[in-house]
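Trainee: Before we look at the model together, may I ask how each descriptive word in its annotation is justified?

Mentor: Please do, and we will set each value against its cut-off in turn.

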Amino acid sequence: MKIDFAGIAIPNQGTIVVVVLEERVLGPTAQLLDGKTGGALSRAIATGRFKGKKGQQLAVVAPAGVTLDRILLCGLGKASDVDVPKCESLGGGIIATLNKVGERAAAIVIDPIEGCPLSVARMAAAAAYGANLGGYRFDKYHTKQKEDDKPTLAEISVMCTDPQGARAAYSPLEKIAEGVFFTRDLVSEPGNVKYPETIAADIRTLSAIGIDVEIMGEARMRELGMGSLLGVGQGSERESQLGIMRWNGAPEGFDQQPVCFVGKGVTFDTGGISIKPAAGMEEMKYDMAGAGCVIGLMKALAGRKAKVNAIGLVGLVENMPDGNAQRPGDVVISMSGQTIEVINTDAEGRLVLADVLWYAHTKFKPKFMVDLATLTGAIVVSLGTYQAGLFCNNDELANRLIAAGKAVDEPVWRMPLGDKYDKDINSDIADMKNVGKGREAGSVTAAQFLQRFVNDVPWAHLDIAGMAWMKSGDNALVPKGASGYGVRLLERLVQDFYEAK
Ligand code: BES
Ligand code: MN
Ligand code: ZN
């Protein structure tokens with residue numbers, strides 16, 4: 001979808017979208033259209049429930065007096081409550097409606113609003129960003145898509161009194177959206193297409209935007225002693241890979257210590273010898289969403305030339321049960337030297353992250369590490385699909401993540417860590433085992449396991465098992481399927497707290 005910015009001018013065709021504030025307050029463009037259509041807008045509003053509340057929409061189709069196909073009235077609530085997320089979901093909601101009715105072109109008018117805390121440029125940019133994020137589709141494998149299912153909207157023009165300001169505010173947002181889309185594409189792809197080596201190839205393409213890329217194969221990881229990660233990939237025909245991306249955007253004189261992001265990239269999780277039941281197993285193609293997020297985040301940061309040094313590391317493995325697969329009861333030696341009894345081969349994400357987290361902080365001495373992983377079914381039981389679980393050894397980092405999550409509407413909920421949970425993963429035969437006590441506190445014991453590989457580095461773990469894939473499309477910015485969750489959250493964390501201004 002093409003998005004451009006322009007001054008306010010009523011088009012001759014297609015749809016025009018105008019904003020209505022609560023208690024049916026029409027802006028200047030809506031009033032003008034109401035006049036041209038002989039009062040059609042005010043009559044339409046008077047007939048029903050539409051009050052201009054946030055999220056409400058009312059379409060006036062083929063109005064007399066103008067050549068337009070449709071005037072779409074969109075509620076934005078009270079002027080004083082208007083904020084960036086509301087403008088973003090306004091944009092996303094508009095796209096959903098127009099694709100449903102089959103519109104091809106639309107003008108979205110953002111009039112100045114009295115008493116609104118945001119500039120028109122900021123509002124217009126946010127609406128465009130929401131439209132862009134919400135308009136994403138992954139339909140490359142539909143060769144016979146029904147006409148009725150195809151998204152139609154090819155371009156939108158976002159109109160306001162400060163189009164230049166809007167374009168300037170939009171340009172970094174567009175780069176972030178490109179990162180989100182990179183993640184969504186990677187996560188949407190099936191396991192036969194995206195496996196460790198093909199994802200590594202995608203990572204290599206990021207060198208074109210200034211990211212230093214290094215890929216390690218199994219031989220190098222064996223030299224480094226990454227027995228925990230390698231054990232997981234052992235039952236797969238596909239070679240495991242470690243992807244390392246470095247973006248050096250910190251200006252001279254600014255803090256050069258990097259921030260660091262780590263992703264679980266299990267490109268398919270059968271469970272291994274502790275095999276999963278057949279029902280729903282296809283979902284485990286998105287078990288690389290943590291890695292997908294880190295890759296898209298690096299693309300976003302480099303794309304908008306973030307003034308920070310950032311490192312992304314992704315452990316890419318496929319968890320399969322062949323004749324060489326690791327067995328329950330096997331003991332592996334991690335890069336840290338700590339030994340692990342593998343009780344359940346389906347608790348593989350933590351085994352992958354153990355070596356990547358260890359490598360990350362010993363090699364790069366980062367300011368902090370944040371890992372993302374579709375780690376446990378238990379977090380879905382705890383928090384559902386509305387927020388990710390946050391486990392953190394540092395209150396400042398935790399609070400910053402919570403704030404960033406609120407700002408971009410990708411919320412996180414802090415969960416506990418503690419000695420008693422930690423004891424649950426002690427093993428009789430090795431330093432630790434890879435599961436706790438049955439189903440008790442499954443997400444916490446998984447986090448405790450990771451914590452044994454981070455030493456005292458400020459570290460946060462985001463369990464995104466419930467957030468990576470959306471079965472419904474009820475969030476205007478997130479179509480059904482791969483959500484790209486985490487890119488906007490961590491981009492915002494960097495922007496608000498760690499970047500040179
Ligand atoms: N990838 C799964 C977790 C998962 C579940 C992700 C649902 C997305 C949606 C993970 O590798 C796993 O299998 N975890 C086990 C751990 C258990 C064996 C201790 C689980 O949650 O059942
Ligand atoms: Mn598993
Ligand atoms: Zn998994």
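**From value to term**

Mentor: Let us begin with the manganese ion (ligand 2), whose protein donors are Asp269 (OD), Asp346 (O), Asp346 (OD) and Glu348 (OE), lying 2.0 to 2.2 Å from the ion. Keep in mind that this is a predicted model.

Trainee: What makes the arrangement of the six donor atoms around the manganese ion (ligand 2) irregular?

Mentor: The six donor atoms subtend angles of 70 to 166°, and six donors count as octahedral if opposite donors are over 155 degrees apart and all others lie between 65 and 115, anything else being irregular. The arrangement around the manganese ion (ligand 2) is therefore classed as irregular. In sequence, its donor residues are spaced D-x76-D-x1-E, and the pair of Asp269 in strand S10 (residues 259-269) and Glu348 in the loop between strand S13 (339-341) and helix H10 (349-364) links distant parts of the chain, 79 residues apart.

Trainee: Which site is called octahedral, and what are the angles among its six donor atoms?

Mentor: That is the site of the zinc ion (ligand 3), with angles of 77 to 176° among its six donor atoms. The class requires opposite donors over 155 degrees apart and all others between 65 and 115, and the site is assigned to the octahedral class. For orientation, the ideal angles for six octahedral donors are 90 or 180 degrees. The protein donors here are Lys264 (NZ), Asp269 (OD), Asp287 (OD) and Glu348 (OE), at 2.0 to 2.4 Å from the zinc ion (ligand 3), and along the chain they follow the spacing K-x4-D-x17-D-x60-E.

Trainee: Which residue bridges the two metal ions, and how far apart do the ions lie?

Mentor: Asp269 bridges the zinc ion (ligand 3) and the manganese ion (ligand 2), and the ions lie 3.1 Å apart. Both Asp269 and Glu348 are buried.

Trainee: How do you know whether Asn132 is buried or exposed?

Mentor: Its relative accessible area is 12%, and since buried means under 20%, Asn132 is buried. Asn132 sits in helix H4 (residues 120-134) and, leaving aside residues up to four places away in sequence, touches Met1, Ile3, Tyr170, Ala177 and Phe181.

Trainee: And why does Glu237 count as exposed?

Mentor: Glu237 has 78% relative accessibility, and because exposed means over 50%, Glu237 counts as exposed. Glu237 is found in the loop between helix H8 (227-233) and strand S9 (241-248).

Trainee: Turning to the helices, at what angle do the axes of helix H9 and helix H15 cross?

Mentor: The axes of H9 (residues 289-303) and H15 (residues 487-497) cross at roughly 45° and come within 9 Å. That angle makes H9 oblique to H15, because it is neither under 35 degrees, nor 65 to 115, nor over 145. The crossing is right-handed, and the residues that meet include Cys293 and Leu297 in H9 and Leu490 and Val494 in H15.

Trainee: At what angle do helix H5 and H9 pack?

Mentor: H5 (residues 163-188) and H9 pack at about 155°, with their axes 7 Å apart. That makes H5 roughly antiparallel to H9, since angles over 145 degrees are given that term. The crossing of H5 and H9 is again right-handed, and the residues that meet include Gly179 and Phe182 in H5 and Gly292 and Gly296 in H9.

Definitions and conventions
Residues are numbered from 1 along each chain as its sequence is written. Chains are lettered from A and ligands numbered from 1 in the order in which they are written. This is a predicted model: local features need pLDDT of at least 70, side-chain atom pairs count only at pLDDT 80 or more; totals for chains, interfaces and linings use all residues. Side-chain values use heavy atoms; hydrogens and water are left out. Helices (H or I, at least four residues) and strands (E, at least two) are DSSP runs, numbered from the N terminus. Buried means under 20% relative accessible area, exposed over 50%, partly exposed in between (1.4 Å probe, protein chains only). Contact means heavy atoms within 4.5 Å. Donors are N, O and S atoms within 2.8 Å of the metal (3.2 Å for Na, K and Ca); water is not among the atoms, so sites may look incomplete. Four donors count as tetrahedral if all angles lie between 85 and 135 degrees; four count as square planar and six as octahedral if opposite donors are over 155 degrees apart and all others between 65 and 115; anything else is irregular. Axes are lines fitted to C-alpha atoms, for helices over the stretch in contact, and angles run from 0 to 180 degrees between N-to-C directions. A crossing is left-handed if the near helix is turned anticlockwise from the far one by less than a right angle, and right-handed if clockwise.
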